[in-house]
Each structure stands twice: as structure tokens, then as C-alpha cells.
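Here are a few notes to go with the model, for anyone opening it fresh. They stick to the pockets and what lines them.

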Amino acid sequence: MSEKTIQIIISPAKKMEVRNDLLPPVGLPVYIEKTQQLLQYMKSLDYGELKAVWKCNDKIAEQNYERIRHMKLDCNLTPAILSYEGIQYKYMAPAVFEEKAYRYLEKHLYILSGFYGALRPFDGVTPYRLEMQARFHDKKLDSLYDFWGRELAELVLKDCSLLVNLASKEYSRAVLKYLPDTIPCVTCVFGELVDGKVKEKGTYAKMARGEMVRFMAEHEVDCVEQIKAFDRLGYIFAEEWSDCEHYVFLRQG
């Protein structure tokens, strides 16, 4: 029987790049066959249909339309943790992790994805665009939440003793909807006090989520109490605003 342990979930980023100059990928994502199904379906759509799914400007749509047309899921791959760009990943800075931090993430971290389902950090991926909340409005495929169903939760929670939620609501919903009462979950909230209420600001929250992943990896966090020691980017754990399901960190100054 596998050892039960902390599992962390985070969101992907819209912007991606190919980086095969640092570390090689270790195998393919566990749901690669379902990803292939999605890819084949997307290849059957025309430019206008895909742009409507992506809800983006022409420049981004054209780039990703060409990606879809020529995409292969088994070559020129990048480890997922190094492929995603964006604020969260910039502050996580995985490219400069020490080996022990990589080992920690490989055991404890899942990146949730509308296209790949759930990724371990060193799963090989190719750049794509497909947000979890995207809608196809088709009888064959409408909602990605329906497409993935409870599979992502079953994978993430299989050997989970505690779930640390650092994902946005769009992505965490795919797992939390199926969370059993037997597995505790802590959602980290990074906010400021505004008129006596805790308010999260998107950019700062993304920065803090990235820093929290780095903090947990560097300290090899293995119990929930250790998370409270997080004190980066001016954030301090706020006991009075927290409960057993929500750890609130308030930005000072």
C-alpha cells in the first residue's frame, strides 16, 4: 500500500514555452489517451470555432490554431513545471530549484490542466491553450468538468492524507467537488484587510501561491502546521481570520 502524504494542487498558466535545455521530461502524463481524444476533437474544429472556445484575440488564436494543426503529444516535450510561464511560476522559479526540492514536488505536487487533466511536475507536455472552464457547446463535448468527471480527484486524492489547495477556483473545483469527508483540505488565502474584510488581489495572490510552492519544497513540508510559518512577500499567517479549512495570510504594509 502506498504511503499517504500531503498533496498540493495548483493551476497551470495560459502562456507556455518549450524548454528542453534544463531537464528532460520523465514520461508522459497519466491521462495522455484522453488528451489525445481532446486533441483529435479540437483538430476537427475550424478556426472560428476554436477562437470561440479560447475567447482570445486574433494573434493568440492564430498561434494556437497552428499549434493544434501540427501538435504531437510525444515529441519535443518540456517538463510541465518548466513549461508554464506566468506570475505564479515566475515566483515559484522552478528552474533554480535544488534537487531535493524537485524530489519533493514530484511526490507532492499536481498541476491541474484542462487539456492534460492532472500533471506531475516532470510529465512531458507541449504548449497548448485550453482553460478548464472552456465550453465547446457540442453534444459530444461541452464542459471539460464533465469530460474529466471525477478522474482528476481520484488520481490526486488516491494517496492523500491532506490536500493543500493553491489552485484558482476554476481548477480546484475539478477536485474539491469530489473531496470526501475523510480527507482534510486547506485552502490558502493571500489577502489584505480592506474595510474589515479579507480581499484577495489576483496578481499578489498568484505571486504568493508560487512562493508558497517554493516554501513547501525548500522546507519539505510534511504537516499542515508547517505551512503557517510562511512569511514571504510580506505575508504573515493570520490566526484570527483562519479556520481549519482556510489558512489566511495577510500582506503587511
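1. How much space lies in the second largest pocket? About 360 Å³. Keep in mind that this is a predicted model, so treat the figure as computed from that prediction.

2. To find this second largest pocket, look for A167, S168, K169, E200 and R209: of the 16 residues lining it, these are the closest to its centre.

3. As for what builds that lining, α9, β7 (185-194) and α10 each supply at least two residues. The biggest giver is α10, with four residues.

4. The mix of residue classes in the second largest pocket is five nonpolar, six polar and five charged.

5. Now for the largest pocket, which has a volume of about 410 Å³. There are 22 residues lining it, and the ones closest to its centre are S11, P12, A13, K14 and K206.

6. Which elements give two or more residues to the lining of the largest pocket? They are α5 (87-92), α9 (169-176) and α10 (202-218). Here the largest share comes from α5, which puts in three residues.

7. By class, the lining of the largest pocket splits into ten nonpolar, four polar and eight charged residues.

8. One last thing to look at on screen: α9 and α10 turn up in both lists, giving two or more residues to the largest pocket and at least two to the second largest.

Technical notes: Residues numbered from 1 in each chain as written. Predicted model: local features only at pLDDT ≥ 70, side-chain atom pairs only at ≥ 80, totals over all residues. Heavy atoms only, no water. 1 Å grid on protein atoms, 1.4 Å probe; cavity = no way out; pocket = protein on both sides within 12 Å on 5 of 7 lines; lining within 4 Å. Points joined across faces, edges and corners; volume = space filled by probe spheres on them. Nonpolar A, V, L, I, M, F, W, Y, C, P; charged D, E, K, R; others polar.
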